[in-house]
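Student: I'd like to learn how to read domain contacts, helix packing and odd backbone spots in a model. Can we walk through one together?
Tutor: Sure, let's put it up and start with the domains.

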Amino acid sequence: MQFHHHGYVPHDPRIKEARGTGIDRTEALPDEMDVLIVGAGPAGIVQAAQLTNYPEVHTRIIDSRPGRLEVGRADGLFSRSSETFQAFEFQERIAAEANHLREMNFWGPNPDDPTQIARGIRAADPPAHVSEFPILVVNQARVIDYFAEYAANGPAKISPNYGYEFIDLERIDGEDYPVKVRLKDFEGNERIVSAKYVVGCDGARSKVRDAVGIEVNSDPAAHAWAVMDILAETDFPDIRTKCGIQSDKEGTILLIPREGGFLFRFYVSLGDVDETNRAKIRATEVSEAIDRANRILHPYSIDVRDVAWYSVYEVRHRVAQRFDDVPLAEMGTREPRVFIAGDACHTHSAKAGQGMNVSIQDGWNLSWKLGQVLTGRSDTSLLSTYSAERQVIAQNLIDFDKEWSAMMSRRPEEFSSPSEIGDFYVDTAEFPGGFATRYLESTLIGDTANQALAKGFPVGKRFKSARASRIADTTPRHLGHHFRADGRWRLYAFADTDGKEVAELAEWLEHSENSPIARFTPIAADIDAVFDAKVIYQQPYQDVDINTVPRLFRPRVGPFEVTDYEKMYAAIPGEDIFEERGIDRSRGALVIVRPDMYVAQVLPLTAREEISEFFAQTMIENEQPWRQSLSYREVESVKV
């Protein structure tokens, strides 16, 4: 966390000074706004958290509940979510209250007595190569709380307006606020508000989705689960370990140990659902679910002392055909104005644990793009990439979930070997971890012609962190942990052997009129306001003279023009980032990373036109180029 560069901060530095729409913000929902988010669940609240860093954008988020969610449904948070929490500056705090998972155990019918279960495979969860972050288990409501706190503490001071139910909407092109949304408050009063963009994060039965006619592909089959968070006494030995438990005839349990050390969650399968049995299964009482759980666990048992939460729900594999309001036949000819995210886009089983995790990534993908467009940094074509990118990911999720669910439901004799299910879980660990996502080549994702320069940073995948020494204070730091959800692009310059080419690149980026810094950074802004450039040298930090590092990587920032010392890094002997991520030592590499932490392009340090042309595809050039030569006093006069 960096602060004090705008003057001494005597209070909690997580609470930012109000700017833009955050100044004199009213609690009451206004008649007009730039962005209206419908639903304050994970997909919606992460957008509020991102857009708080675009205080020029008037963002509002509504929810039909009377207040904050107290008991959440989802609970499992895979490593990609922890990376996201790190970017929003609360990973360490939420990890402190979460339960950490390190292993998944698979139980099945005992070969000697199929009426009893026995432990089979133990699998690392996640495997060490996937991420430095563990899987966390914490109430969905707490995840929402942390994002909501970040949104409220940010410059735009965004907080949910509770008690508003979405009724319908109408799009009237040609107006400044073309989306007219009809709402109803708790007292039954209806009103219409107008927005430039609307995002429906209102769940699997999304009214926003229905209002714009987005069709959903759905499997005819559905499966029902009883879900309960319980305090209980038991002799089951793995009660504090994540488990998949399959009995011979009684069904399946997915066991998730919850935060706090005592609570745990059972997902108890109730079987397939159709119109002939739906009402009966939905009426399953908690006592019946507990009885079924005891039958599955035989010869072990549970004595339930308290039920903190219980529900019965159906899971049907569903995915929306598109994630915005532009019909497929009109793509490229019409600007999207209404979007959907999270469960409004996709639903699936609990076995893969992806609901909240994927919803968060939906919301982050869309919100930074809305921020860029509404602040004039990018043209509106950027918004079409949301549906193009995330719809494919949702379909991949459904396909994986079907395969994983089928694997979990197999009988012992159907496996080729006792280790097959454990091997599958380890081999596919990147997918549930959130790291199999790979966006295809587009205006936001470059080609792979230069991938060999940085093999460990695949273009289109998330930036996989590794440690390096921060030169100024010698602190070993994960590069990815310095990433912030502030809407900036990252330029990671991995130096060539003698540092000559990285120095020449820095000179061009800082001083050339053709560089993206000159073309796309506002004239009165800091040099790193749009592009956050960092350098990583091959030699140990002791061998780097800070005063010889190009000024781009030690910029003077803030109104007092003080040097930022946190952009210069060096390889750590024994865990060399160049080795770990396959960086070409002789040539180095420039790794360009998007505001949502995905690698957009890998280029040689000698690239010039390629860099400018890549950003010119979506970004809007300034009428007046940014100039490093402006002094503090000149910048102040420009602002005036």
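Student: How much area do domain 1 and domain 3 bury between them, and what share of it is on carbon and sulfur atoms?
Tutor: Keep in mind that this is a predicted model. Domain 1 and domain 3 bury about 930 Å² between them, with 48% of that on carbon and sulfur atoms. The centres of these two domains, taken over C-alpha atoms, are 32 Å apart. Domain 1 puts 13 residues into the contact and domain 3 puts in 11 residues.

Student: Which residues of domain 1 lose the most area to domain 3?
Tutor: Trp364, Trp368 and Arg377, which together make up 50% of what the domain 1 side buries.

Student: And where do the domains run along the chain?
Tutor: The domain assignment gives domain 1 as 20-71 + 138-218 + 318-410, domain 2 as 100-137 + 222-315, and domain 3 as 451-617.

Student: On to helices. What do I need to describe a packed pair?
Tutor: Two things: the angle between the axes and the distance between them. Take helix α1 (residues 42-51) and helix α4 (residues 140-153): their axes are 8 Å apart, at an angle of about 20°. Angles under 35 degrees count as roughly parallel, so α1 is roughly parallel to α4. The crossing of α1 and α4 is left-handed.

Student: Which residues make that contact between α1 and α4?
Tutor: From α1 you have Pro42, Ile45, Val46, Ala48 and Ala49, and from α4 Gln140, Ile144, Phe147, Ala148, Tyr150 and Ala151. Sorted by class, the α1 contact with α4 holds 10 nonpolar residues, one polar and no charged.

Student: How do α1 and α8 cross?
Tutor: At roughly 35°, with the axes of α1 and α8 coming within 7 Å. The crossing of α1 and α8 is right-handed. On the α1 side, Pro42, Ala43, Val46, Gln47, Gln50 and Leu51 take part, meeting α8 residues that include Met356, Ile360, Trp364, Trp368 and Leu370. The α1 contact with α8 splits into 10 nonpolar, six polar and no charged residues. You've met Trp364 and Trp368 before, among the domain 1 residues that lose the most area to domain 3.

Student: What about α2 against α8: which way is the crossing, left-handed or right-handed?
Tutor: Left-handed for α2 and α8. The axes of helix α2 (residues 79-87) and helix α8 (residues 355-374) come within 9 Å and cross at roughly 45°, so α2 and α8 are oblique to each other. Arg80, Ser81, Thr84, Phe85 and Ala87 of α2 touch Asn357, Ile360, Gln361 and Trp364 of α8. By class, the α2 contact with α8 has four nonpolar, four polar and one charged residues.

Student: Last topic, the backbone. What is the usual pattern?
Tutor: Most residues other than glycine have a negative phi, and most peptide bonds are trans. Here, Asp24 has a positive phi, near 55°, and Asp24 lies in the segment before β1 (32-38).

Student: And which peptide bond is cis?
Tutor: The one from His298 to Pro299, with omega near 20°. You'll find Pro299 in the loop between α7 (286-297) and β17 (302-315).

Definitions and conventions:
Residues are numbered from 1 along each chain as its sequence is written. This is a predicted model: local features need pLDDT of at least 70, side-chain atom pairs count only at pLDDT 80 or more; totals for chains, interfaces and linings use all residues. Side-chain values use heavy atoms; hydrogens and water are left out. Axes are lines fitted to C-alpha atoms, for helices over the stretch in contact, and angles run from 0 to 180 degrees between N-to-C directions. Helices (H or I, at least four residues) and strands (E, at least two) are DSSP runs, numbered from the N terminus. Angles under 35 degrees count as roughly parallel, over 145 as roughly antiparallel, 65 to 115 as roughly perpendicular and the rest as oblique. A crossing is left-handed if the near helix is turned anticlockwise from the far one by less than a right angle, and right-handed if clockwise. Contact means heavy atoms within 4.5 Å. Ala, Val, Leu, Ile, Met, Phe, Trp, Tyr, Cys and Pro count as nonpolar, Asp, Glu, Lys and Arg as charged, and the others, Gly among them, as polar. Domain bounds come from an automatic or database domain assignment. Buried area is the accessible area (1.4 Å probe) that two parts lose on being put together, summed over both.
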